[in-house]
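Visitor: I'd like a friendly walk through this model, please. Could we go step by step?

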Amino acid sequence: MKQVAKYALLLLAAALIGFPLGYRHARSSMGDGAAILSQALALSEYETLANLQYKQADATHGSQAQLDLLNFMEQLQAKQKIAVPRALDYDRARALMRLAMLEEEAGNNERLQQYLRQAQENLNHADHRWYSEDKMRKFVAEADTRSQY
Amino acid sequence: MAPGFATCVVGVFSEMHFVSNPYGGRDGFTKVFRGFSRLGAAEVVAGFCGPPKNDPLAAEDYAIRAIEDAAPKVSLNPPLDVARARLALRRANQAEKNNDLQGKRQYEETASQLLLKSGWRDPSAVHMRQIVTQIDTDGNSCTPYEAKRGQ
């Protein structure tokens, strides 16, 4: 009888130690991957729709979609731990540069400069480098010529 | 250790936003976020080459409705008509495969109307089809020819 109790206690102790260990191990190995996948899917889908509007629709709809995308990114950053912060900075800089290009077409120089500066700040945050206006224009032009969305 | 690992795996899986129900989010933003995760995942599946193994279009429709319901509550206004147009075009392609030419025309007309409403310079179904083919080609290993056939 004593032997059975001894084994039962051993089993209980092993379970009490093993359960949290297993839980922690799974959390650290899978939790981050799940967050990256969820954020990548949501953000890339939002960007696809907003960029389709930017490339295919009139300036008003294009601008509205980019502003909405920026709003989504801001709320995402406020509500969740960003899995790949650098990628978000790049995406935000691209959206801001697209807004800048739309403002330039509309002849709003002040807004163009404002969005350009914000885009530069985001890239600086990502890369710790300051990009000139020319580089910023190339950065968005390359992304824009690559596809229809 | 194994039961702990298994419990956590189930927990992590249920927290994956593209798996969980978008209507079940704890706040408006989480609902929108889950909706977009699910819409993105369904789009990836819809763009696969070869015969689809399930119905990603129903999942897309469900996600769009969930986003539409939650987005205004958190001051978001995503271009959902573009998502609806893309969905209508995928359904037109399915109708064509099933020799339902009237259905195909109706879906294409719906897609055009939605794109016109969204301010598109070229709201034709032909143009949208080119874009969807490009999205599918970029999104996975389909060749442009396979992407066209896979629709």
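Visitor: Happy to start with confidence: which helix of chain B has the highest mean pLDDT?

Guide: Keep in mind that this is a predicted model. Chain B averages a pLDDT of 87, and 80% of its residues score at least 70. Confidence in chain B is lowest in helix 7 (residues 144-150), with a mean of 62. At the other end, with a mean of 98, is helix 5 (residues 101-117) of chain B.

Visitor: What ipTM does the predictor give the complex?

Guide: Two scores come from the predictor for the complex as a whole. The pTM is 0.83, and the ipTM is 0.85.

Visitor: Which element gives the most to the side of chain A that touches chain B?

Guide: The contact involves 38 residues of chain A and 37 residues of chain B. On the chain A side, the elements giving two or more residues are helix 1 (2-56) and helix 2 (59-79). With 24 residues, the top contributor is helix 1 of chain A.

Visitor: And how many charged residues does that side of chain A have?

Guide: Sorted by class, the side of chain A that touches chain B has 19 nonpolar and 14 polar residues. The charged ones number five.

Visitor: Where does the largest nonpolar core lie with respect to the domains of chain B?

Guide: This core has 56 residues, and those with the most contacts inside it are Ala119(A), Ile67(B), Leu89(B) and Ala111(B). Leu89(B), for one, touches Ala111(B), and its other partners include Tyr107(B) and Val132(B). Both domain 1 (13-78) and domain 2 (82-151) of chain B give residues to the core, so it lies between these two domains.

Methods:
Residues are numbered from 1 along each chain as its sequence is written. Chains are lettered from A and ligands numbered from 1 in the order in which they are written. This is a predicted model: local features need pLDDT of at least 70, side-chain atom pairs count only at pLDDT 80 or more; totals for chains, interfaces and linings use all residues. pLDDT is the predictor's confidence in each residue, from 0 to 100. Helices (H or I, at least four residues) and strands (E, at least two) are DSSP runs, numbered from the N terminus. Two residues are in contact if their C-beta atoms, placed from the backbone, lie within 7 Å. Ala, Val, Leu, Ile, Met, Phe, Trp, Tyr, Cys and Pro count as nonpolar, Asp, Glu, Lys and Arg as charged, and the others, Gly among them, as polar. A nonpolar core is a set of buried Ala, Val, Leu, Ile, Met, Phe, Trp, Tyr and Cys residues joined through C-beta atoms within 7 Å. A residue is buried if 20 or more other C-beta atoms lie within 10 Å of its own, exposed if 12 or fewer, and partly exposed in between; C-beta atoms are placed from the backbone. Domain bounds come from an automatic or database domain assignment. Lists of a residue's contacts leave out its neighbours within four places in sequence.
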